[in-house]
Amino acid sequence: MDSLLFSLAKCLRKNLRSSLNASPLLHSSRSYSTSKEPTRPTLQSALWPLGHPTIRLTPVIERWIDNGNFVRTSELQLVIRELRKRRRFKQALEVSEWMKDKTKIEFKPGDHAVQLDLIGTVHGLSSAEEYFNSLSQENRTEKSYGALLNCYVKSKLVDKALAHFEKMKELNLALSPLQYNDIMCLYTNTGQHEKVPSVLTDMQENGVLPDNYSYRICINSYGFKSDIYGMEKLLEEMEQQPNFVVDWNTCAVVANIYIKSNHSDKALLFLKKSEEKIDKKDGPAYNHLLSLYGQLGTKSELWRLWGVQKENCKKLINRDYTTMISSLVKMSAFEEAEILIKEWDSSPNSLDFRVVNVMLNGFQSNGLLDKAEEMLNGFLERGKTPPSSSWGIIASGYAQKGDIKKAYELMKNALCVYKPNLGWRPNNEIIKRILGYLGEKCELEELESFVELLKVGRKMDREMYHALIRARIRGERKVDDLLKGMRNDGVCENKETREILSSIGEKKEEVLSS
């Protein structure tokens with residue numbers, strides 16, 4: 001099957017390149033045919049299709065205005081907010097700076113606070129401090145002070161953060177849960193979990209009502225210390241708070257701590273409480289609870305909740321299948337996971353092999369490499385080309401078993417369909433072992449073919465040169481050009497290089513002669 005699989009992959013790679021050149025790549029998680037009436041174009045509709053985070057957005061906004069469109073302040077603020085949610089901070093800062101410097105829009109304290117936070121994220125803390133110091137007194141509100149506090153917290157600067165927080169108190173700025181949550185996060189991120197509860201107490205004593213996030217941070221601090229008694233005491237306090245509603249996420253955090261501390265019954269109770277509180281159409285919330293049921297190992301509850309999600313959400317996307325399959329794999333329920341893979345494969349969802357890779361990793365971890373190969377072969381037979389990452393998982397499994405020959409065959413498939421910028425790169429340790437195997441046991445031509453494939457995904461390095469030198473020496477072939485290539489590529493000879501060359505013994509002069 002290996003040679004057939006390799007030929008198929010090589011052939012499909014050419015077909016795939018042709019199709020990619022003929023049409024643009026789509027990145028949506030699924031596609032549906034709709035017949036909606038065309039809607040009025042908006043600024044967002046002009047920006048979001050641009051996709052790549054390196055694209056400058058302000059020229060597009062300016063063209064939008066030049067075409068006779070009007071841009072409202074709220075639209076720009078929405079764009080900035082969405083870009084921050086998508087972690088496109090550089091673009092968000094670009095739009096914020098354009099809004100401040102190139103328009104007649106009044107830049108309010110809240111806008112300054114957002115820009116300060118973005119400057120800290122994109123350009124670093126010193127730039128954020130410089131921006132803060134440049135603000136007029138009327139713009140130095142609790143929002144801008146809070147944004148700078150957040151910069152200190154993200155940088156884990158405990159002393160600066162605490163001094164800044166005390167300054168805010170001295171100025172009698174209106175404090176909210178946000179600033180106290182920042183301090184609790186600071187202690188959490190610096191490993192000072194024991195200090196978190198005292199911040200919550202200080203918050204309450206200063207008349208600031210904690211929100212669900214405040215309690216979650218504190219609950220997590222108890223969980224980190226395995227202080228179940230402290231956590232349960234805090235839960236009682238929360239339940240006694242008037243007009244306070246514990247949200248689904250907080251219940252899920254409690255359930256997770258109970259799972260980790262082997263309190264299965266209590267974990268199940270809080271998972272049920274969490275389920276009662278979620279929005280019935282909140283797919284990510286279902287996903288989170290499914291993963292917790294997977295950790296708990298309650299397969300019947302897992303399937304029950306999956307059915308509830310299917311009923312309430314109607315349409316399931318790739319993320320949903322990935323979560324459910326991952327939970328089943330954790331329970332070693334491979335037959336049920338395979339049924340779900342088939343259901344996903346026949347759904348309208350786009351073909352995203354990250355769903356399949358969850359299954360392949362499960363097979364690999366449990367030594368079921370034949371099953372993994374069979375699954376990928378099935379996709380090939382249906383005209384669906386698995387990506388490099390999928391082949392790489394199985395290659396890694398065979399390498400771990402010591403079957404380098406098989407790992408080599410699978411790695412060839414991975415390299416045949418390799419495309420850069422998709423997050424997968426050949427594993428260095430596996431490549432080293434494959435090159436060692438080829439250099440010592442295989443024909444030179446076979447090694448050279450593999451190195452050519454490998455060069456698609458990585459530059460020529462010492463391991464590749466050493467394997468070629470070994471094979472040349474074994475075949476009593478000259479290595480002058482390889483040594484010259486090493487020098488040209490900036491790969492210095494080392495002790496191992498000299499040992500390889502010295503191994504030719506009496507034939508050294510003959511092999512090295514020009």
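A residue counts as partly exposed when its relative accessible area lies between the buried cut-off, under 20%, and the exposed cut-off, over 50%. Keep that in mind for the tour, and remember that the model in your viewer is predicted.

**Stop 1: the whole chain**

Start with everything shown as cartoon. The protein chain holds 29 helices and 0 strands. Of its 514 residues, 47% count as buried. Now switch on a surface: about 27700 Å² of the chain is exposed, and carbon and sulfur atoms supply 49% of that area. If you like contact maps, take the contacts between residues at least 6 apart in sequence; 60% of these join residues at least 24 apart.

**Stop 2: Lys156**

Select residues 142-170 next. Helix H8 (142-154) and helix H9 (158-170) are joined here by a loop, and Lys156 sits in that loop. What is the phi of Lys156, which is not a glycine? It is positive, at about 60°. Lys156 has a relative accessible area of 48%, so this residue is partly exposed.

**Stop 3: the core and Ile325**

Hide the surface and look inside. The largest nonpolar core has 158 residues, and the members that touch the most others are Ile325, Met411 and Phe450. Colour helix H14 (residues 248-260) as well, as it gives this core its largest share, 9 residues.

Then centre on Ile325. Which residues does Ile325 contact once neighbours within four places in sequence are left aside? They are Ala337, Leu340, Ile341, Val355, Val358 and Met359.

**Stop 4: H18 against H20**

Stay where you are and select helix H18 (residues 318-330) together with helix H20 (residues 353-365). Their axes lie 8 Å apart, and the helices pack at an angle of about 10°. Because angles under 35 degrees count as roughly parallel, H18 is roughly parallel to H20. Show side chains for Asn318, Tyr321, Thr322, Ile325, Ser326 and Val329 on the H18 side, and for Val355, Val358, Met359 and Gly362 on the H20 side; these are the residues that meet. Sorted by class, this contact has 6 nonpolar and 4 polar residues, with no charged ones.

**Stop 5: H26 against H27**

Move on to helix H26 (462-474) and helix H27 (480-488). Are these two helices roughly parallel or roughly antiparallel? Their axes come within 10 Å and cross at roughly 170°. Angles over 145 degrees count as roughly antiparallel, and H26 and H27 are therefore roughly antiparallel to each other. From H26, the contact takes in Tyr465, Leu468, Ile469 and Arg472, while H27 brings Asp481, Leu482, Leu483, Gly485 and Met486. By class, that gives 6 nonpolar, 1 polar and 2 charged residues.

Between these helices runs a loop that holds Glu476. Click on Glu476 and check its backbone: phi is positive, about 55°, although Glu476 is not a glycine. With 47% relative accessibility, Glu476 counts as partly exposed.

**Stop 6: Arg474**

For the last selection, go to Arg474 in helix H26. Its relative accessible area is 42%, so Arg474 is partly exposed. Which residues does Arg474 touch, not counting those up to four places away in sequence? Display Leu438, Gly439, Glu440, Lys441 and Cys442 to see them. Finish by drawing a distance between the C-alpha atoms of Arg474 and Gly439: 8.5 Å separates them, although the two residues are 35 apart along the chain.

Terms used:
Residues numbered from 1 in each chain as written. Predicted model: local features only at pLDDT ≥ 70, side-chain atom pairs only at ≥ 80, totals over all residues. Heavy atoms only, no water. Axes fitted to C-alpha atoms, helices over the stretch in contact; angles between N-to-C directions. Helix = DSSP H or I, 4+ residues; strand = E, 2+ residues; numbered from the N terminus. Parallel < 35°, antiparallel > 145°, perpendicular 65-115°, else oblique. Contact = heavy atoms within 4.5 Å. Nonpolar A, V, L, I, M, F, W, Y, C, P; charged D, E, K, R; others polar. Buried < 20%, exposed > 50% of the residue type's maximum accessible area, 1.4 Å probe, protein only. Core = buried A, V, L, I, M, F, W, Y, C linked by side-chain atoms within 4.5 Å. Areas by Shrake-Rupley, 256 points an atom, 1.4 Å probe, with all protein chains shown as cover.
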